[in-house]
Amino acid sequence: MSQGDGKEREGGAATGNAPATDQERWEQALAQAPAFGEAIGKQLQRVREEKGRTAEDVARQAQQLGLSWHRPTVSQIERGRRALSAVELIMLPLIYGRPLGDLLPTGTMWLTPELGVYEQEVRRVLGGDHNPSALALRAPGGWRVKGASDQPTEEAIRQMAYALAISPWPHNPNPYYVQDKPDEAEAKAAKRLNTTPHYVAYAAREIWGHGLAAEREVRLRARGELPEGRRALQSARGHVTRALLAELEPVVRALEPFERALGEQCGEPERPVSDSESANTARKEKGSRG
């Protein structure tokens with residue numbers, strides 16, 4: 001089984017024939033990745049054997065819960081020759097006596113012959129609050145759709161910006177994408193990117209499936225144990241925020257030409273005014289009154 005873990009994706013300088021970039025490491029992981037059914041089957045077999053249980057024991061437990069499993073059923077699942085239904089996936093912790101996170105496969109895998117995925121994305125989706133965006137298909141170590149993921153990142157960003165621009169939002173907010181108003185992190189990001197908080201909020205949900213502040217916390221947790229002390233935590237959040245702004249900025253910049261083109265039809269959204277602009281305006285007003 002391919003173990004396309006975070007270390008594999010992060011990597012360091014290339015040595016020998018080792019892949020040199022995230023994209024090359026991701027391609028290598030995909031080339032070695034098994035199908036999801038095979039990967040989870042091996043994981044279930046490992047857990048069963050660790051607990052000293054036989055396939056017959058597992059089948060009997062499943063039968064008590066109302067499933068029509070028999071010893072050959074368990075063997076077929078473990079060999080990746082029988083797919084699990086959604087109901088069976090939910091019931092796995094009851095059958096094996098372990099949390100679902102312990103039963104999911106690790107590394108990179110293919111959900112279908114067309115869709116490859118890294119394990120962390122699977123876990124985020126099953127967590128219930130993650131909605132992968134189209135842009136996620138272009139980032140190494142996330143999702144891979146054969147053909148679609150080969151589209152240049154610049155073109156994907158341009159298409160996303162166009163979709164944002166032609167939508168009725170932010171003049172008529174879509175509650176599916178944004179809460180009542182952008183959060184504080186999105187308002188601050190808008191000032192730094194010279195755009196509106198609503199565009200930042202909408203772009204964040206298109207890219208990450210939730211708001212900027214929520215994605216920042218996800219990235220912090222993914223690092224492991226949070227730093228102790230208020231200043232250390234603020235520093236870590238600042239580092240993550242800068243990385244997130246770097247991901248948001250291409251979408252905002254690609255949006256600008258579409259926004260200008262549509263401004264005559266629906267009106268330009270109100271942009272934040274910088275301190276220097278406010279000072280200049282105040283001086284001009286004072287001069288005109290004098």
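Helices here are DSSP runs of at least four residues, numbered from the N terminus. Keep that in mind for H5, which covers residues 71-78. One caution before we go on: this is a predicted model.

The overall picture, quickly. The protein has 14 helices and 3 strands. Of its 290 residues, 38% count as buried. Now take contacts between residues at least 6 apart in sequence: 63% of them join residues at least 24 apart.

Back to H5. Which of its residues are buried? Thr73, Val74, Ser75, Ile77 and Glu78. And what do they pack against? Three helices: H3, residues 36-50; H4, residues 55-64; and H6, residues 86-96.

Look at Glu78 in that list. Glu78 sits in H5. Is Glu78 buried or exposed? Buried means under 20% relative accessible area. Glu78 has 9% relative accessibility, so it counts as buried. Its side chain has a partner. The side chain of Arg48 makes a polar contact with the side chain of Glu78, at 2.6 Å. Setting aside neighbours within four places in sequence, Glu78 also touches Gly41, Lys42, Leu44 and Gln45, along with Arg48 itself.

Just past the end of H5 comes Gly80. Gly80 takes a positive phi of about 75 degrees.

Now the pairing of H4 and H5. Their axes come within 8 Å and cross at roughly 105 degrees. Angles of 65 to 115 degrees count as roughly perpendicular, so that is what H4 is to H5. Which residues meet there? From H4, we have Ala55, Glu56, Val58 and Ala59. From H5, we have Arg71, Val74 and Ser75. By type, that contact divides into 4 nonpolar residues, 1 polar and 2 charged. Val74 and Ser75 are also on the list of buried H5 residues.

Next, helix H2, residues 22-32. Buried here are Arg25, Trp26, Ala29 and Leu30. Seen down the axis of H2, these buried residues fall within an arc of 135 degrees, so they line one face of the helix. What does the face turned away from the buried side carry? Two exposed residues, Ala31 and Gln32.

Two of those buried H2 residues lead us to Val117. Val117 belongs to strand E2, residues 115-118. How accessible is Val117? Its relative accessibility is 0%, so Val117 counts as buried. Trp26 is one of its contacts beyond the neighbours within four places in sequence. The others are Gly107, Thr108, Met109, Leu111, Val122, Gly142 and Trp143. Then there is Leu30. Val117 and Leu30 are 87 residues apart in sequence, yet 8.3 Å apart in space, C-alpha to C-alpha.

Last stop, a loop. Asn194 lies between helix H10, residues 184-193, and helix H11, residues 197-208. What stands out in its backbone? Asn194 has a positive phi of about 55 degrees, although it is not a glycine. Most residues other than glycine have a negative phi. Gly80, after H5, also has a positive phi, but Gly80 is a glycine. As for accessibility, Asn194 is at 43%, so it counts as partly exposed.

To recap. Glu78 is buried in the count, with Arg48 as its side-chain polar partner. H4 and H5 cross roughly perpendicular. H2 keeps its buried residues on one face. Val117 is buried at 0%. And Asn194 has the positive phi in the loop between H10 and H11.

Terms used
Residues are numbered from 1 along each chain as its sequence is written. This is a predicted model: local features need pLDDT of at least 70, side-chain atom pairs count only at pLDDT 80 or more; totals for chains, interfaces and linings use all residues. Side-chain values use heavy atoms; hydrogens and water are left out. Buried means under 20% relative accessible area, exposed over 50%, partly exposed in between (1.4 Å probe, protein chains only). Contact means heavy atoms within 4.5 Å. A polar contact is a pair of N or O atoms within 3.5 Å; within protein, one must be able to donate a hydrogen and the other to accept it, and residues adjacent in sequence count only if both atoms are side-chain atoms. Axes are lines fitted to C-alpha atoms, for helices over the stretch in contact, and angles run from 0 to 180 degrees between N-to-C directions. Angles under 35 degrees count as roughly parallel, over 145 as roughly antiparallel, 65 to 115 as roughly perpendicular and the rest as oblique. Ala, Val, Leu, Ile, Met, Phe, Trp, Tyr, Cys and Pro count as nonpolar, Asp, Glu, Lys and Arg as charged, and the others, Gly among them, as polar. The arc is that of the directions from the helix axis to the C-beta atoms.
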